[in-house]
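Me: I'd like to go through the strands and the cysteines of this one with you. Can we start from the structure itself?

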Amino acid sequence: MKKYIIRPAVESDADKIAELERLCFPVEEAASNADFADRLKVYAKHFLLLELDGVLIAMINGMVTDEPDLKDEMYHNAGMHNENGKWQMIFGLESHPDFRKQGYAALLIEKFIEEAKKQNRFGLVLTCKEILIHYYEKFGFVNEGISCSEHGNVVWYQMRKKLI
């Protein structure tokens, strides 16, 4: 594997984060530049970026909350973040299309799980498409079935990894 760094995001990363998002998700599902700018103002330390030679190639992000389930409104309302919350939500785990299947996403999710443990969270929650259920199961996430999310008019499955 090539030389990479993993670091927390800062507010000035918003545009390159949004650019990676657009490469990884259809328009209906991708967060906007404004959504990322709002999120970064409130919970930048809950973004991990993986850079290769200074280029953003993968990221993971999400808010912290006491809500046990991921709800669509969380994507657009950074004010729902509660730094002392029990659950680390994962809104996106993304790898640039040119760098997929090289282990970068796995490095990020493992680091995010490690950080959630250090912060004494109850666990992590995400939603994914059916095709990715097996991927997240490899990291100990359990499929809880079809989620209440209607984000992007897609069927999402809620997955949870309990830490406590």
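Reply: Before the sheet, one convention: two strands count as paired if DSSP finds at least two bridges between them. Please also keep in mind that this is a predicted model.

Me: ok, so how many bridges between β3 and β6, and in which sense do they pair?
Reply: Strand β3, residues 55–61, pairs with β6 in the antiparallel sense over four bridges, and within β6 it is Leu93 that stands opposite Ile60.

Me: what's the strand order in the sheet?
Reply: The sheet is open, with four strands in the order β1-β2-β3-β6 and antiparallel pairing, and from one strand to the next the twist averages 20°.

Me: which strands stand at the edges?
Reply: Those are β1 (4–8) and β6 (92–95); each has a single partner strand, so one side of each is left without a neighbour in the sheet.

Me: and what does helix α1 lie across?
Reply: Helix α1, residues 14–24, lies across β1, β2 (47–52), β3 and β6, and runs at about 80° to β3.

Me: switching topic, how many disulfides?
Reply: Zero, after a search of the whole structure. For Cys24, the nearest cysteine sulfur belongs to Cys128 and is 15 Å away, while for Cys148 the nearest is again that of Cys128, at 14 Å. A disulfide would need the two sulfur atoms within 2.5 Å.

Me: are those two, Cys24 and Cys148, buried or exposed?
Reply: Cys24 is buried, with a relative accessible area of 19%, whereas Cys148 is exposed, with a relative accessible area of 57%; the cut-offs are under 20% for buried and over 50% for exposed.

Note on methods:
Residues are numbered from 1 along each chain as its sequence is written. This is a predicted model: local features need pLDDT of at least 70, side-chain atom pairs count only at pLDDT 80 or more; totals for chains, interfaces and linings use all residues. Side-chain values use heavy atoms; hydrogens and water are left out. Buried means under 20% relative accessible area, exposed over 50%, partly exposed in between (1.4 Å probe, protein chains only). Helices (H or I, at least four residues) and strands (E, at least two) are DSSP runs, numbered from the N terminus. Axes are lines fitted to C-alpha atoms, for helices over the stretch in contact, and angles run from 0 to 180 degrees between N-to-C directions. Contact means heavy atoms within 4.5 Å.
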